[in-house]
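Grab a pencil and have a go at these exercises. Try each task before you read its solution.

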Amino acid sequence: MAIDPVCTMEVDEATAKYSAEYRGRTYYFCARGCKKLFERNPEAYVRE
Ligand SMILES: [Zn+2]
């Protein structure tokens, strides 16, 4: 399971509808709203 970086919910990569690439990594989201928030300001959600 992947973790939605926005709301920290678990997301199954196999069935996830919403994903985004950032700096060569793929992130998965539970909903379109979370993806939009992430794309607006990825730095706020990515913990290196
Ligand atoms: Zn979410």
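**Exercise 1. Find which strand gives the largest share of the lining of the largest pocket, then describe that pocket.**

Step 1. The winner is E4, which supplies four residues, the largest share of the lining. Strands (E, at least two residues) and helices (H or I, at least four) are DSSP runs, numbered from the N terminus.

Step 2. Check the ground rules. This is a predicted model, where local features need pLDDT of at least 70 and side-chain atom pairs count only at pLDDT 80 or more, while totals for chains, interfaces and linings use all residues. Residues are numbered from 1 along each chain as its sequence is written, and side-chain values use heavy atoms, leaving out hydrogens and water.

Step 3. Look at the lining: Arg 25, Thr 26, Tyr 27 and Tyr 28 are among its residues, and so are Ala 2, Ile 3 and Asp 4. Lining residues have an atom within 4 Å of a pocket point; on a 1 Å grid over the protein atoms alone, a pocket is an open set with protein on both sides within 12 Å along at least five of seven lines, and a cavity is a set of points where a 1.4 Å probe fits but cannot get out.

Step 4. Sort the lining and you get six nonpolar, two polar and three charged residues. Here Ala, Val, Leu, Ile, Met, Phe, Trp, Tyr, Cys and Pro count as nonpolar, Asp, Glu, Lys and Arg as charged, and the others, Gly among them, as polar.

**Exercise 2. Work out which residues are the protein donors of the zinc ion.**

Step 1. Asp 4 (OD), Cys 7 (SG), Cys 30 (SG) and Cys 34 (SG) do the job, 2.0 to 2.3 Å from the zinc ion. Donors are N, O and S atoms within 2.8 Å of the metal (3.2 Å for Na, K and Ca), and sites may look incomplete because water is not among the atoms.

Step 2. In sequence, the donor residues follow the spacing D-x2-C-x22-C-x3-C. Asp 4 sits in the loop between strand E1 (2-3) and strand E2 (10-11), and Cys 34, 30 residues apart from Asp 4, is in helix H1 (residues 32-40).

Step 3. Asp 4 and Cys 34 are both buried (under 20% relative accessible area; exposed is over 50%, partly exposed in between, with a 1.4 Å probe and protein chains only).

**Exercise 3. Say how many aromatic pairs the whole structure has.**

Step 1. The search finds four. Rings of Phe, Tyr and Trp (its six-membered ring) pair if their centres lie within 6.5 Å; planes under 30 degrees apart count as stacked, over 60 as edge-to-face and the rest as tilted.

Step 2. Tyr 27 and Phe 38 are a tilted pair, 5.2 Å centre to centre with 40 degrees between the planes.
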